[in-house]
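The exercises below go through one protein chain, from strand faces to ring pairs and backbone angles. Please keep the sequence and the structure open while working through each solution.

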Amino acid sequence: MKKAIRILGLFLLTFFVITSVACKDDDDPADNDFFAGTYRGSISYNDGGSTNTSTNDGSVFVTKIASGTKYNFRFSNGIPDLNGLEFQKTGDNTLVMVGSNQTVYVRIDNNDLKMFYTADGKTWTANCKR
């Protein structure tokens, strides 16, 4: 009986270690139906008026919402969130925003978030790593 308990304990410990390693930051937003990850680095926001926020030590919490192609971006430092941005997968592990052009550019992959997004005279930028 003691041997069975030891074997069960060893099995549970092994299972815990394997599942913990599998849930690291190597999750790729392009390959997962659901995704949540924090990217850290330079972020900024300008509302075209009196608000101009910029930091090299900011963060963006990215979540992939139920549709599978839309993402939410929650910024630190009081910067307003961006919600419901739609992406398409390009290449192996890269997402590019649908309708990207010279004034709207968002690129996200496993390691990097690059953003220059303008809407209604407001501008968000991010150059972050995970």
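**Exercise 1. Determine which residues of S6 lie on its covered face and which on its uncovered face, and then describe how S6 is joined to S7.**

Solution. Begin with the faces of S6 in this predicted model: Val104, Val106 and Ile108 make up the covered face, while Tyr105, Arg107 and Asp109 make up the uncovered one.

Next, turn to the partner strand, with which S6 pairs in the antiparallel sense over five bridges. Within this pairing, isoleucine 108 stands opposite leucine 113 of S7, and the connection from S6 to S7 is a hairpin of two residues.

Finally, follow the chain onward from S7 to S8, where the two strands run antiparallel and are joined by eight bridges. Here phenylalanine 116 has threonine 125 of S8 standing opposite.

**Exercise 2. Identify the residues with the most contacts inside the largest nonpolar core, and state which strands supply that core.**

Solution. The largest nonpolar core holds 22 residues, and those with the most contacts inside it are Val60, Val62, Phe73, Phe75, Leu113 and Met115. At least two core residues come from each of S1 (35-46), S2 (52-64), S3 (70-75), S4 (82-90), S6 (104-109), S7 (112-119) and S8 (122-129). The strand that gives the most is S1, with four residues.

To see one core residue in its surroundings, take methionine 115 and set aside its neighbours within four places in sequence: the contacts that remain are Phe73, Phe75, Leu82, Tyr105, Val106, Trp124, Thr125 and Ala126.

**Exercise 3. Decide whether serine 59 is buried or exposed, and list what it touches.**

Solution. Serine 59 belongs to strand S2. Its relative accessibility is 17% and the cut-off for a buried residue is under 20%, so serine 59 counts as buried. When residues up to four places away in sequence are not counted, serine 59 touches Thr38, Tyr39, Arg40, Ile43, Arg74, Phe75 and Ser76.

**Exercise 4. Explain why the ring pair of tyrosine 45 and tryptophan 124 is classed as tilted, and what the pair ties together.**

Solution. A pair of aromatic rings is described by the distance of the centres and the angle of the planes. The count of aromatic pairs comes to two. For tyrosine 45 and tryptophan 124, the ring centres are 5.1 Å apart and the planes stand at 50 degrees, so the pair is tilted. Because tyrosine 45 lies in strand S1 and tryptophan 124 in strand S8, the pair ties together parts that are 79 residues apart in sequence.

Now check the accessibility of both partners: tyrosine 45 is buried at a relative accessible area of 7%, and tryptophan 124 is buried at 6%. As a last step, note that ring pairs link Tyr45, Tyr117 and Trp124 into a cluster.

**Exercise 5. Find where asparagine 77 and aspartate 120 lie, and describe the phi angle and accessibility of each.**

Solution. Most residues other than glycine have a negative phi, and most peptide bonds are trans. Asparagine 77 is not a glycine, yet its phi is positive, near 60 degrees. It is found in the loop between S3 and S4, and its relative accessibility of 44% makes it partly exposed.

Aspartate 120 likewise is not a glycine and has a positive phi, of about 55 degrees. Its place is in the loop between S7 and S8, a hairpin with two residues between the strands. With a relative accessible area of 75%, aspartate 120 is exposed.

**Exercise 6. Establish where in the chain confidence is lowest and where it is highest.**

Solution. Start from the whole chain, which averages a pLDDT of 77, with 60% of the residues scoring at least 70. Confidence is lowest in helix H1 (residues 2-22), at a mean of 55, and highest in S8, at 96. Over residues 19-25 the pLDDT stays under 50, and for these the model has three contacts beyond four places in sequence. Where pLDDT is low, the predicted coordinates should not be read in detail.

Notes: Residues numbered from 1 in each chain as written. Predicted model: local features only at pLDDT ≥ 70, side-chain atom pairs only at ≥ 80, totals over all residues. Heavy atoms only, no water. Core = buried A, V, L, I, M, F, W, Y, C linked by side-chain atoms within 4.5 Å. Buried < 20%, exposed > 50% of the residue type's maximum accessible area, 1.4 Å probe, protein only. Contact = heavy atoms within 4.5 Å. Pairing = 2+ DSSP bridges. Phe/Tyr/Trp six-rings, centres within 6.5 Å; stacked < 30°, edge-to-face > 60°. pLDDT = per-residue confidence, 0-100.
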